[in-house]
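Colleague: I would like a close look at one helix, set against the chain that carries it. Please keep it plain.

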Amino acid sequence: MVRVTARSHTRQHTTPVQLRRLLFALVATVVVLWLAATAVQRGLQATAGSVRGSTSPAYLDAVQALASLSDADRAAWQSFRSGEALFNGPGQQYQNDITTAGQALERLAALQAAGSANSSLLQTISGQLVTYQSQVEQADVTYQKDIALGSASKRDLGFAHLAYASSAMRARQGGLLASISQLAGPGQQALSSQLASPWTNPVLLMVFIVPALFLIAGIVFAQSLLRRRFNRVLSPPLLLAAALVVVMSAWLAVTAVHADSALAAARTTALPRAAALWQSQTSAVTAEAAALQSGSAGAVSDRASGGLNETATGQADGALEADLASAQDAGGLPLGIPALAIAIAALAGLGLWPRLSEYRGIGDR
Amino acid sequence: MTGNRRVPWPLGAVVLLLAAFVLPGCGGSAQAGTTVTVLGTWTGDEQSGFEAMVSGFEQKYGIHVDYTGTRDSNAVLTSDLEDGNPPDLAVLPTPGQLSQYAAAGTLVPLDGALASVNLASQYGPGWRRLMQEAGPGGARHYYAIIVKAALKSVIWYDPRNLPAPDLAQLTSPDLTWGRLMSLSASLAKGGRTPWCMGFEDSSSSGWPGTDWIEDILLHQSGPGSYDRWIAGTLPWTSAPVEQAWQAFGQIANRSTLVHGGTRAELLTNYGQAGQPMFDSRPGCYLDHEGSFITAFYAQDTLGSAGSDPGAGAHPRPGTDFRFVPFPAPTPAADGAEEVAGDLLGMFRDTPAARKLIAYLTTPQAQEAWIKRAGSGAISVNNQVPLRDYPDPVSEALADNLTHASDVEFDASDSMPQAMENAFYNAVLEYLDRPSQLNAILRGLDQVQKAAY
């Protein structure tokens, strides 16, 4: 009798303890799932956000400055060779290009950490740009003086000063464009590298799939316990909790795969296309400037040159930006994850708490 | 009991997961090493030379040297100073700027950094004088060190191409300015263009012409006139200066004497001007350039215009190019040499910057650069053994530099910046419009009055 009573007491003691432990385990697993899902979601967002907020703009600003300054050199030669310089100096297009390049460099400077190597390089570039502009101004002054002195047919010194300005810009070692290339080249590498961040690897989906599977297994075990001990064939709250785990996992997986796909598109398509377009346009205007400088037949024309095709580069930059924006778009996931996690934990509690209540008042403590 | 105390697995997972996120952020970051920032004009091979020079320093002290090289270091330095963010050390483009920065108190005196260095035993008095300037209080202090130097009073030639009688005349100890002009005329008469010239150097174009005028003035009128001219007390319209310009014009403004004519000399880069000297059919035979030009010659090619057996090879010092001193009016005239040097000053007084300054004055630091073949670098530290130079031409240049009885720093570099820039542009104006010399010199007089 004593033995039977003791066994009965043990059983009464074991079931509520087991229920409490199970409830605690389920809630703890929900917390783990919450943390894991949040980590994956934030990791993806951080990657996309960092690329979109700094690395991509820094690279695009560098290549835009490179192209605009190359075109400024072309435009200045065009103006001098065509005779427009008599009235407009290096010309309106030159001014526009210098303004565009200056704005791009200002934005680039704002993205750099104070005291960084790039910040120091940008100061160098700023000084070089001032030198280049002063050389073009000197060329303009000399050109006007040539004409004022009646030696307009010669104009050797005005052109010589413009050649010095071009040399200061194009010198392979220490030239203005070479300095900006020191930003653009590594910028492209950094961008490509960030787009291939491990956060975009689908294998990392396992970080939240594993706790999700554990949670579902826990819910199944709880349902099994309720069926064995309390003859509850099906607990609606636990069933709903399991369904929400599946919904949460699927939502996160779809978002992660979508972001990964967008970043991959940026890395493999949009970035190479934008880089190639900027490169080809820069090369084209540089070649045209060289031809104008040398006075090659056909290069000296009074027609307005096409210069940079800003529509094409704008579209290429826009495609890259669209991919990055798509990767960064998490929909309602940042709110959905905690909401679902709280709902799952509450439903787990709702499924087990009534059974725990049955033991109250019968000395289960 | 034991089972009750065991940590539930979900809690363990939470802890592990948190640890995975938190620990990487808490990882011990590498201790930031001390860095010295240096701004200079050296790029390309010169930059490699400087980096070789400081690599021993970095290894010895574990201090990183962060070097930025640009041809426009002057503009960059000005911008950095305006922003209140200058580099620790900077190569000063000219002694004129050294003087201005020292007087303004922008530069830090190097007396402390050089306290442990016995400069008197390593540098001649003329060189030590060039390292000193008057500070804000008027007292003279060391404000710069000379990292490397160049001898400017030299004329280069290719001994293989110059006709034997002309070669004998050029290399004669009795060479004078008059005989050099006769030699030029003789070569031109024989259908040979005597002089290689190029005045293009991007934003500093025109300076090779100033070197010509300075050398002529120094050797024809002497160091006294030269120093007064630098100090702004000898007008540009004075006879010594005007005669120097005219003597320069006797060569530079005559298309028969200059390779490519006057238009070409305006557009030819100074570093490439000597290439025609090495062609199988030489485009020119004489080149007035500082000793640093050997670094450019080392990049030129031999016989590029013909079928020379050595075509394509780079000119070799001693064999393919040699130099003679710039001639005075008489063989017995003064032995002053025009020189230039890269002056390194300190804008931020840090222990690491002091260490680097002291290190760069040592023979072992200077040897690292001068030993590099084709570098054209010359040390003025007289404890650097001449045998360390990679070729006999560099050795002879170093011998001349360290043992010169009188060294005079490049005049344009020593003038105020406004005067220097005007000088550069005036040379270009003169090449374009030789008939305007008087107007040009009057204009320079106006600048002189305003700049000093």
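What share of the 365 residues of chain A counts as buried? And which residues of α7(A) are buried?

Modeller: This is a predicted model, in which local features need pLDDT (the predictor's confidence in each residue, from 0 to 100) of at least 70, side-chain atom pairs count only at pLDDT 80 or more, and totals for chains, interfaces and linings use all residues, while side-chain values use heavy atoms, without hydrogens and water. Residues are numbered from 1 along each chain as its sequence is written, and chains are lettered from A and ligands numbered from 1 in the order in which they are written.

Of the 365 residues of chain A, 48% count as buried (under 20% relative accessible area; exposed is over 50%, partly exposed in between; 1.4 Å probe, protein chains only). Chain A has ten helices and zero strands (DSSP runs, H or I of at least four residues for helices, E of at least two for strands, numbered from the N terminus). About 16,600 Å² of chain A is exposed, and carbon and sulfur atoms supply 60% of that area (Shrake-Rupley method, 1.4 Å probe; for residues, only the protein chains shown count as cover).

Helix α7 covers residues 206-230 of chain A. Its 25 residues should span 36 Å at 1.5 Å a residue, and its end C-alpha atoms are 35 Å apart, which agrees; the expected span is 1.5 Å times one less than the number of residues. After α7(A) comes A:N231, with a positive phi near 60°.

The buried residues of α7(A) are A:F208, A:P211, A:A212, A:L215, A:G218, A:I219, A:A222, A:Q223, A:L225, A:L226 and A:F230. An α-helix has 3.6 residues a turn, so residues three or four places apart point the same way.

A:M206, by contrast, is partly exposed, with a relative accessible area of 45%. A:M206 belongs to a nonpolar surface patch with A:V203, A:V210 and A:F214, and together they have about 370 Å² of accessible area. Patch residues have over 30% relative accessible area and no salt bridge (a side-chain nitrogen of Lys or Arg within 4 Å of a carboxyl oxygen of Asp or Glu); like charges are joined within 9 Å, and nonpolar side chains (Val, Leu, Ile, Met, Phe, Trp, Tyr) within 5 Å.

Elsewhere in chain A, A:D156 forms a salt bridge with B:R263, the closest N and O atoms being 3.1 Å apart. This pair crosses between chains, from helix α12 of chain B to helix α5 of chain A. A:D156 is buried, at 14% relative accessible area, whereas B:R263 is partly exposed, at 42%.
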